[in-house]
Amino acid sequence: MTAHNHIIEIRGLWTQFGDFVVHRDIDLNVRCGEILSLVGGSGSGKTTMLRQMLGLETPTRGEVRVFGTSLHGSDAAALRHLRNRWGVLFQEGALFSALSVYDNLALPLRELRTVSEEMIHDLVMVKLEMVGIEPRHATKMPADLSGGMIKRIALARALALEPELIFLDEPTAGLDPDRSESFVKLIQELHRELNLTVVMVTHDLDTLVALSDRVAVLCDQKVEIIGTLDEVVANTHPFICNFFMGERGRRALEAVRAVKAIMAMT
Amino acid sequence: MGDRCVLAGAWNLRSLERRLAEFERELARIAADPACGWDLRRVEVIDHAGAMLLWRAWGRKRVARLELKPEQAQLFERMLPAPPALPPARGFDPFFLPVFIGGKVLRVYDHLAHMLLVLGQSVIELAGLVRHPRGIPWRELSANVYRTGAQALGITALVGFLIGVVLSYLSAQQLKLFGADAFIVNILGVSVVRELGPVLAAILIAGRSGSAITASLGVMRVTQELDAMAVMGISQSLRLTLPKMLALAISMPLVVLWTDAVALLGGMVAARLELGIGYHHFLSNLPDAVPIANLWLGLGKGAVFGVMIALVACHFGLRIEPNTESLGIGTTNSVVTAITVVILVDAVFAIMFKDIGIS
């Protein structure tokens, strides 16, 4: 049963905006429990790929199946059920600016209409604590928060419905190195603790190296290569060479190898 | 040895969702016996919601006899003995009423001061432009005239025509009673040219262009375009507010003229159908019935209304904060205020010019 091993299956995906082809006949699988990173140059269609997986774009041709359910052509009830099984962290957080932090997290739970208000309160507080936000911030409005806090609260909201799959769009963009570091740690912890599958779009090499089980490189309208970091780095495609073997890429890779070596020794 | 409660299967939100209340009751009943042992080792999946459900049933503490898998233990470590309360909402304030009213008064003052500031900056820019006419923002000006004037012709024509028809029919009914049919020209002429044309056009433009101006400035605030302009040293009043005010001062009288014409046309058609007054008769009597001063007054009002609408719209647009709620409130306030201001200014005009144009 492939459906059990593959949480997302993309078959023969074409995305076209007018005459402009973004994706040309792409096949891609996301395995259960892995952290998959999508990388590629600006305009290579990473974010569009993410939007395809979320059902926010309609494929020109081909099919996207998540949890074995086709995103297009399934009935509304199945899709609603499916949407409760994933969480999304948008690049800018996309918190509802009209609601307080608490209400932002409570909203998806209230939408279920079966959870009591007391239980919602407890669950919201657990989630806030999990992402390291103190309870005194719960009544604040998103406009009064810093970028780092918005990211963490948005992550907490993405996790509100106990999803099995979460999507992260540039999770560390706009955070300072220290915050990025702790955000990466947070995602690692949650991944371990909640047994999540993570699909991530990122530009940040450090995040990529630290988190990814597998990396998919989008380039020239297709998936150039998908595999573990070492397999991808070994590829000789010019974009990949530039991306990973440039000054910044080498530094990030060396750092992670050093850490791995130390860990292997101890 | 007490009883033992063995849990199995999936204890996650997805499976529990539908029967949460039922489970809550059942667990509370079992947990009422403190000696009861709990065995979670056969639970396949459990998440925060499932753990929280048990935790609450246990009275927010670990029960004495609890058997867990190691990964489940980690989950229960997150559970807190007491839920942290939200910061308390503010209680009753004895000074609520004076503070509320005072706040409102100060807000009005604040709005007026900012409006004056926007107006003043635009006047200064205008004075600068008189000295250096090469800096006149022609592109912005013509774009705004097109958007607020040319694109509004359809809706003002439709509304003007219908109002003309309605007014003419209703007046005709009354005039027939007195046999004063010929006065339809006076009634329609004076009311449309002096009053209805400018006010109708102003209300439509306030709803149409006022809201658009506020929203576009608000979005520029949200997307930091206003900040980008500021750091490039591009004057907001020169590029944004002044062109809008000038454009509305130019396009409003033209729209008023157009609305007048179409409303009179509507009235004329209705007068012919209802009273049998011919077009030629209507048109040739119009100049005698309506002194030309009324037209100038109407057009002048149009220009003033235009500037007021632009001023109010820019004022609210520039004060929008970078969030979606503020954008909605700002746009609503802008339109409501603009229409109120138009009617207020119209009343002032009516008093100031009460001796002019009506014989």
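# Exercises on a two-chain predicted model

**Exercise 1. Lay out the antiparallel sheet of chain A.** What is the strand order in the open sheet of four strands?

*Solution.*
- Step 1. The order is β2-β1-β4-β5 in chain A, and the pairing is antiparallel. Strands (E, at least two residues) and helices (H or I, at least four) are DSSP runs, numbered from the N terminus. Two strands pair if DSSP finds at least two bridges between them.
- Step 2. Find the edges. They are β2 (20-31) and β5 (69-70) of chain A, each pairing on one side only.
- Step 3. Look at one pairing. β1 (residues 6-17) and β4 (residues 61-66) of chain A run antiparallel and are joined by five bridges. E9(A) has R65(A) in β4(A) as its bridge partner.
- Step 4. Add the helix. α2 (residues 46-54) of chain A lies across β1, β2 and β4 of chain A, at about 120 degrees to β1(A). Such angles run from 0 to 180 degrees between N-to-C directions, with axes fitted as lines to C-alpha atoms, for helices over the stretch in contact.

Before going on, note the conventions. This is a predicted model, in which local features need pLDDT of at least 70 and side-chain atom pairs count only at pLDDT 80 or more, while totals for chains, interfaces and linings use all residues. Residues are numbered from 1 along each chain as its sequence is written, and chains are lettered from A and ligands numbered from 1 in the order in which they are written.

**Exercise 2. Lay out the mixed sheet of chain A.** Which strands stand at the edges, each with a single partner strand?

*Solution.*
- Step 1. Write the order. The open sheet of six strands reads β6-β7-β8-β3-β9-β10 in chain A, with mixed pairing.
- Step 2. Read off the ends. β6 (86-89) and β10 (222-227) of chain A each have a single partner strand, so one side of each has no neighbour in the sheet.
- Step 3. Add the twist. From one strand to the next it averages 15 degrees.
- Step 4. Place the helix. α6 (residues 147-158) of chain A packs on the sheet and touches β6 and β7 (165-169) of chain A. The direction of α6(A) makes about 170 degrees with that of β6(A).

**Exercise 3. Follow β9(A) to both of its partners.** In what sense do β3 and β9 of chain A pair?

*Solution.*
- Step 1. β3 (residues 35-40) and β9 (residues 214-219) of chain A pair in the parallel sense, over five bridges.
- Step 2. Match residues. L38(A) stands opposite A216(A) in β9(A). V39(A) has V217(A) as its bridge partner.
- Step 3. Recall the general rule. In a regular strand, side chains alternate between the two faces of the sheet.
- Step 4. Turn to the other partner. β9(A) and β10(A) run antiparallel, joined by five bridges. Here A216(A) stands opposite I226(A).
- Step 5. Inspect the turn. The hairpin of β9(A) and β10(A) has two residues between the strands, and D220(A) takes a positive phi near 50 degrees.

**Exercise 4. Judge the cover on two helices of chain B.** How many residues of α5(B) are buried?

*Solution.*
- Step 1. Set the scene. Chain B has 13 helices and three strands. Of its 359 residues, 34% are buried (20 or more other C-beta atoms within 10 Å of the residue's own, placed from the backbone).
- Step 2. Check the length of α5 (residues 96-131) of chain B. Its 36 residues reach 52 Å from first C-alpha to last, close to the 52 Å expected. The expected span is 1.5 Å times one less than the number of residues.
- Step 3. Count. Three of the 36 residues of α5(B) are buried, so the helix lies largely in the open. They are V118(B), S122(B) and E125(B).
- Step 4. Find the cover. It includes α10 (236-275) and α12 (292-318) of chain B.
- Step 5. Compare α2 (residues 20-31) of chain B. This helix has twelve residues and reaches 16 Å. α2(B) is hardly covered, with a buried count of zero.

**Exercise 5. Describe the contact between the chains.** Which element gives the largest share of chain B's side?

*Solution.*
- Step 1. The contact takes 23 residues from chain B and 25 residues from chain A. Two residues are in contact if their C-beta atoms, placed from the backbone, lie within 7 Å.
- Step 2. α1 (13-16), α3 (48-57) and α13 (324-352) of chain B give two or more residues each. The largest share, four residues, comes from α3(B).

Methods:
A residue is buried if 20 or more other C-beta atoms lie within 10 Å of its own, exposed if 12 or fewer, and partly exposed in between; C-beta atoms are placed from the backbone.
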